Every structure is written in structure tokens, then in C-alpha cells.
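Got your viewer open? Let's take a walk through this structure together, one selection at a time.

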Amino acid sequence: MCGLQSPFVQQTIFKFLTRDEQRVFLETAKRSRNYNQYALILETGLRTGEMIGLTWDAIDFEKRTLTVNKTLEFRHGEQYWRAGPPKTQHSYRTIPLTDRAYEILKGIWNSRPEQKESPTLDKALAVSYTHLRAHETEA
């Protein structure tokens with residue numbers, strides 16, 4: 001093959017935490033104020049942007065499900081938070097909650113009057129609300 005190069009396809013290798021690695025990670029994370037977020041990500045498989053974009057209307061405690069229908073991301077160039085659609089069409093999904101995920105969310109729900117309001121998040125979600133509703137009616 002004189003002068004021809006074989007195309008090189010780079011494979012991405014994903015490494016997942018084993019159950020033991022998850023246990024060690026969560027044991028260490030108990031000292032973090034973000035423990036519930038870490039545990040919820042491990043329990044549900046949510047991407048970080050999906051997790052921080054969660055709103056209570058996406059959680060159905062009766063059916064014990066969580067619906068991914070938006071994400072939240074920080075736009076570094078413009079220095080603001082933006083709510084938007086999930087990464088791909090397949091990212092729109094409803095996830096059954098494990099007992100642990102349910103307990104985490106229910107605990108946060110029950111303590112929410114103690115939580116501070118987030119004007120930044122409220123503003124980001126309000127900006128994207130119309131776009132998301134338009135997408136839901138198309139689907």
C-alpha cells in the first residue's frame with residue numbers, strides 16, 4: 001500500500017466503578033455537602049448536567065420514577081447558567097428509582113423548606129421554559 005495510510009479509529013474506553021469502588025467513594029464522600037448528588041448519580045446513571053438540572057416536576061414519587069427532560073450547564077464564555085434540552089434525543093428518558101434513589105430524593109423533598117432559593121437557577125430555567133415546552137409538544 002504505497003503512499004496510502006490506513007485510517008485510525010480511536011476507541012474510547014469507558015471505565016466504570018465497581019461496586020466496591022462505589023462503596024469506597026461514597027464512604028469518603030459522606031464528608032462532602034454534595035454526598036446526596038454523588039449517590040444519586042451513582043444510583044441513576046444521570047449525567048452531571050442532568051442531575052443539576054433536575055426539578056421537582058421531573059420526579060414522580062407515586063410511580064417512583066425520574067424523568068430526564070432538561071439539563072443545566074454553565075456557559076463559561078458568557079458567564080451564565082443555561083437550561084436546555086438533554087444531550088441527545090435518546091437522553092430523554094424515564095428512570096425507575098431504586099430504593100436508595102427514592103430515599104435520597106424523598107429526604108431532600110422533606111427538608112426543602114430549609115433550602116435556600118436560587119434566583120440564578122430560577123432565571124436559567126425561566127429562560128428555557130418556553131423552548132422545553134415547545135420540544136415536549138413536538139415529541
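In which sense do strand β3 and strand β4 pair, and over how many bridges? Select residues 71-75 for β3 and residues 80-84 for β4: they pair in the antiparallel sense, over five bridges. Before going on, keep in mind that this is a predicted model.

**Stop 1: the hairpin**

Stay with those two strands. β3 and β4 form a hairpin, with four residues between them. Click on Gln79 in the turn, and you'll find a positive phi of about 60°. Now pick Arg75 and look across to β4, where its bridge partner is Tyr80.

Show the side chains of Glu73 and Arg75 next. These two form a salt bridge, with the closest N and O atoms 3.2 Å apart. Glu73 counts as partly exposed, at 28% relative accessibility. Arg75 is partly exposed too, with a relative accessible area of 32%.

While salt bridges are on screen, add Arg47, Glu50 and Arg93 to your selection: salt bridges that share partners join them into one network.

**Stop 2: the whole chain**

Zoom out and switch to a cartoon view. You should be able to trace five helices and five strands. Starting at the N terminus, the elements run α-α-α-β-β-β-β-β-α-α. The chain has 139 residues, and buried ones make up 27% of them.

Turn on a surface if you like. The accessible surface of the chain comes to about 10800 Å², and 54% of that belongs to carbon and sulfur atoms. As for contacts, take those with a separation of 6 or more: residues 24 or more positions apart account for 55% of them.

**Stop 3: the open sheet**

Which strands make up the open sheet, and in what order? There are three, in the order β1-β2-β5, and the pairing is antiparallel. Colour β1 (59-60) and β5 (93-96): they stand at the edges. Each has a single partner strand, so one side of each is left without a neighbour in the sheet.

Now zoom in where β2 meets β5. Four bridges join these antiparallel strands. To find one of the pairings, select Val68, whose bridge partner in β5 is Arg93. Strands of a sheet pair through backbone hydrogen bonds, either parallel or antiparallel.

**Stop 4: a tie between two loops**

Select Asp57 and Lys70. They form a salt bridge, the closest N and O atoms being 3.8 Å apart. Asp57 lies in the loop between α3 (48-52) and β1, while Lys70 lies in the loop between β2 and β3, so the pair ties together parts that are 13 residues apart in sequence.

Is Lys70 buried or exposed? Lys70 counts as buried, at 8% relative accessibility. Asp57, at 52%, counts as exposed.

**Stop 5: the nonpolar cores**

Hide the surface and look inside. The largest nonpolar core has 14 residues. Try selecting Leu40, Leu46, Leu54, Leu66, Leu97 and Leu105, the ones with the most contacts inside this core. β2 (65-68) and α4 (99-110) each supply at least two residues of the core. The largest share, three residues, comes from α4.

Centre the view on Leu40. Which residues is it in contact with, leaving aside its neighbours within four places in sequence? Leu40 is in contact with Gly45, Met51, Leu54, Ala101, Ile104 and Leu105.

Apart from this core lies another, of five residues. Select Leu26, Ala29, Tyr35 and Ile104, which are among its members.

**Stop 6: back out to the surface**

Bring the surface back and highlight Leu17, Phe25 and Tyr38. Together they make a nonpolar surface patch of about 250 Å². Phe25 sits in helix α1 (residues 19-29). With a relative accessible area of 34%, Phe25 is partly exposed.

For a last pick, show Lys15 and Glu21. Their side chains meet in a salt bridge, at 3.4 Å from N to O. Lys15 counts as exposed, at 65% relative accessibility, whereas Glu21 counts as partly exposed, at 32%.

How many salt bridges does a search of the whole structure find? The search finds 10. You have visited some of them on this tour, including Lys15 with Glu21 and Asp57 with Lys70.

Note on methods: Residues are numbered from 1 along each chain as its sequence is written. This is a predicted model: local features need pLDDT of at least 70, side-chain atom pairs count only at pLDDT 80 or more; totals for chains, interfaces and linings use all residues. Side-chain values use heavy atoms; hydrogens and water are left out. Two strands pair if DSSP finds at least two bridges between them. Patches are made of residues with over 30% relative accessible area and no salt bridge: like charges are joined within 9 Å, nonpolar side chains (Val, Leu, Ile, Met, Phe, Trp, Tyr) within 5 Å. Accessible areas come from the Shrake-Rupley method with a 1.4 Å probe; for residues, only the protein chains shown count as cover. A salt bridge is a side-chain nitrogen of Lys or Arg within 4 Å of a carboxyl oxygen of Asp or Glu. Buried means under 20% relative accessible area, exposed over 50%, partly exposed in between (1.4 Å probe, protein chains only). A nonpolar core is a set of buried Ala, Val, Leu, Ile, Met, Phe, Trp, Tyr and Cys residues joined through side-chain atoms within 4.5 Å. Contact means heavy atoms within 4.5 Å.
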